[in-house]
Amino acid sequence: MNIKQQFKEGLITQNPVTVQLLGMCSTMAITTTLFNGIGMGLSVLVILTLSNIIISLLRKIIPNKVRIACYIVVIAGFVTIVDLLLKAYLPDLSSSLGLFIPLIVVNCIILGRAESFASKNGVLASAIDGIAQGLGYTIILVVMCVIREFLGGGTFGAGVISPKGIQILPSGIPALGMILPVGGFLTLAVVIAAMQYFLNRPKKDGESEEVSK
Amino acid sequence: MLDFTELFSIALGAILVNNFIFSQFLGICPFMGVSKKVDTSLGMGMAVIFVMGVASAVCYPINRLLGDLELDFMQTVTFILVIASLVQFVEMFLQKAMPSLYEALGVYLPLITTNCAVLGVVLQNTQNSYDFITSVVYGVTGGIGFLLAIVLFASVRERLEFSECPKSFEGFPIALVTAGLLALAFLGFSGLKVFA
């Protein structure tokens with residue numbers, strides 16, 4: 001399997017959030033500001049890559065019957081490391097993500113990739129898979145953050161560019177609901193619908209081209 | 001000693017105001033996955049109530065032990081292992097003792113391990129430093145909130161199958177929109193305060 005193919009799958013055709021529909025909880029819960037989205041995305045990317053590497057290394061040693069428990073222990077170990085590092089060096093991020101950092105343990109993306117990819121492939125391929133899938137997750141988070149932040153607070157890049165972000169919409173216009181849970185469900189619905197629209201369209205074009213050739 | 005008004009307000013909060021699904025985003029995966037039929041969602045909800053209650057009860061002494069040993073940083077690893085083995089144990093116990101309930105729950109029982117509502121409730125118990133009884137009440141009522149949400153959602157979704165919608169929204173996205181509208185309805189409870 002080549003690298004380009006893997007990245008294409010992770011980012012678009014097999015995107016963990018919009019196509020495989022994994023890791024919904026964190027996607028909707030923490031995407032209120034750009035800072036949260038990037039922080040969460042990168043944390044998952046790091047944990048996913050590291051756990052993929054370790055699980056791929058151990059794939060011949062782990063007995064088949066207790067594999068899920070073994071994966072969870074490996075993942076929980078890395079999650080604890082990241083949790084403690086964030087608490088020490090980025091306390092702001094750690095407090096705004098709150099419960100959702102330890103909950104990365106039960107994020108289905110990581111367990112899903114361990115089960116479906118890392119347990120069957122070599123170390124290098126697994127590492128690249130972790131990076132590609134993690135990037136796919138991060139991109140969706142960032143897109144959701146930008147939409148929700150803009151519609152809900154009228155700002156862009158809060159916490160990244162400046163503490164409060166750049167005010168684009170004048171106050172009074174933004175709908176607070178977009179930052180509340182409702183907005184999370186609606187935004188994800190629209191993002192997935194848009195993804196389905198774009199994925200279905202070029203596929204048909206491609207097929208018709210092949211037929212015409 | 002026991003403050004029943006406080007317990008009551010925690011219980012009502014967990015069911016309505018801070019509903020695990022609609023306001024905290026915990027347990028979305030099983031919420032989306034097993035909500036196609038009312039029967040199965042009812043089974044899943046029951047199983048979640050049970051496991052959340054027992055997990056809260058079991059993790060309370062374990063957390064105290066971790067605190068005494070100054071191993072607080074091991075919380076996440078320990079809790080997930082406890083939950084995983086608990087689910088396994090409950091599965092074996094039910095198979096022997098109550099086969100009818102076991103049959104009813106079916107495949108949903110093992111799936112609960114990766115339900116983030118269960119780990120979430122345990123972590124919240126420790127963060128809010130609830131005592132034993134409060135932890136169990138919070139766990140069970142959180143589960144009831146989950147049951148309420150998933151049954152409501154499943155009954156809407158059953159009808160959704162036969163309705164027309166734009167092609168790109170078919171399937172999952174339209175279900176998310178439905179969930180969003182339900183969340184909007186639950187937002188109405190946020191003004192609710194009991195004896196506060």
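**Exercise 1. Which helix of chain A does A:Ser43 lie in? Then work out whether A:Ser43 is buried or exposed, and list its contacts beyond its sequence neighbours.**

Solution. Keep in mind that this is a predicted model.
- Step 1: Find the element. A:Ser43 sits in helix H3, which covers residues 34-57 of chain A.
- Step 2: Check the accessibility. The relative accessible area of A:Ser43 is 7%. Buried means under 20%, so A:Ser43 counts as buried.
- Step 3: Look for partners. If you skip neighbours within four places in sequence, A:Ser43 is in contact with A:Val82, A:Leu86, A:Ile101 and A:Ile104.

**Exercise 2. Find the element that holds A:Gln196, classify its accessibility, and say what it touches.**

Solution.
- Step 1: A:Gln196 belongs to helix H8 of chain A, residues 181-212.
- Step 2: Its relative accessibility is 24%. The partly exposed class lies between the 20% and 50% cut-offs, so A:Gln196 is partly exposed.
- Step 3: Leave out residues up to four places away in sequence, and A:Gln196 touches B:Lys167, B:Ser168, B:Glu170 and B:Pro173. Notice the chain letter on those names: they are residues of chain B.
- Step 4: For a sense of distance, try A:Leu90. It is 106 residues from A:Gln196 in sequence, and the two C-alpha atoms are 36 Å apart.

**Exercise 3. Describe where B:Asn19 is placed and what surrounds it.**

Solution.
- Step 1: B:Asn19 is in a loop of chain B, between helix H1 (4-17) and helix H2 (28-33).
- Step 2: With a relative accessible area of 0%, B:Asn19 is buried.
- Step 3: Residues up to four places away in sequence don't count here. B:Asn19 then touches B:Gly13, B:Ala14, B:Gln24, B:Gly145, B:Ala149 and B:Phe186.
- Step 4: Now compare sequence with space. B:Phe189 is 170 residues away from B:Asn19 along the chain, yet their C-alpha atoms are separated by 9.6 Å.

**Exercise 4. How many helices and strands does chain A have, and why can you call chain A as compact as a globular protein of its length?**

Solution.
- Step 1: Count the elements. Chain A has eight helices and two strands.
- Step 2: Put them in order. Starting at the N terminus, they run α-α-α-α-α-α-α-β-β-α.
- Step 3: Judge the compactness. The radius of gyration of chain A is 19 Å, close to the 17 Å that the globule rule gives for 213 residues, so chain A is as compact as a globular protein of that length.
- Step 4: Look inside. Buried residues make up 48% of chain A. Of its contacts with a separation of 6 or more, 76% join residues 24 or more positions apart.

**Exercise 5. Do the same for chain B: what is its secondary structure, and where is the prediction's confidence lowest and highest?**

Solution.
- Step 1: Chain B comes to nine helices and zero strands.
- Step 2: Its radius of gyration is 18 Å, close to the 16 Å from the globule rule for 196 residues, so chain B is as compact as a globular protein of that length.
- Step 3: Turn to confidence. The mean pLDDT of chain B is 83, and 95% of the residues score at least 70.
- Step 4: Confidence is lowest in helix H6 (residues 108-111), at a mean of 73, and highest in helix H8 (residues 132-160), at 91.
- Step 5: For the complex, the predictor gives an ipTM of 0.79 and a pTM of 0.84.

Key
Residues are numbered from 1 along each chain as its sequence is written. Chains are lettered from A and ligands numbered from 1 in the order in which they are written. This is a predicted model: local features need pLDDT of at least 70, side-chain atom pairs count only at pLDDT 80 or more; totals for chains, interfaces and linings use all residues. Side-chain values use heavy atoms; hydrogens and water are left out. Helices (H or I, at least four residues) and strands (E, at least two) are DSSP runs, numbered from the N terminus. Buried means under 20% relative accessible area, exposed over 50%, partly exposed in between (1.4 Å probe, protein chains only). Contact means heavy atoms within 4.5 Å. The radius of gyration is taken over C-alpha atoms; the globule rule is 2.2 Å times the number of residues to the power 0.38. pLDDT is the predictor's confidence in each residue, from 0 to 100.
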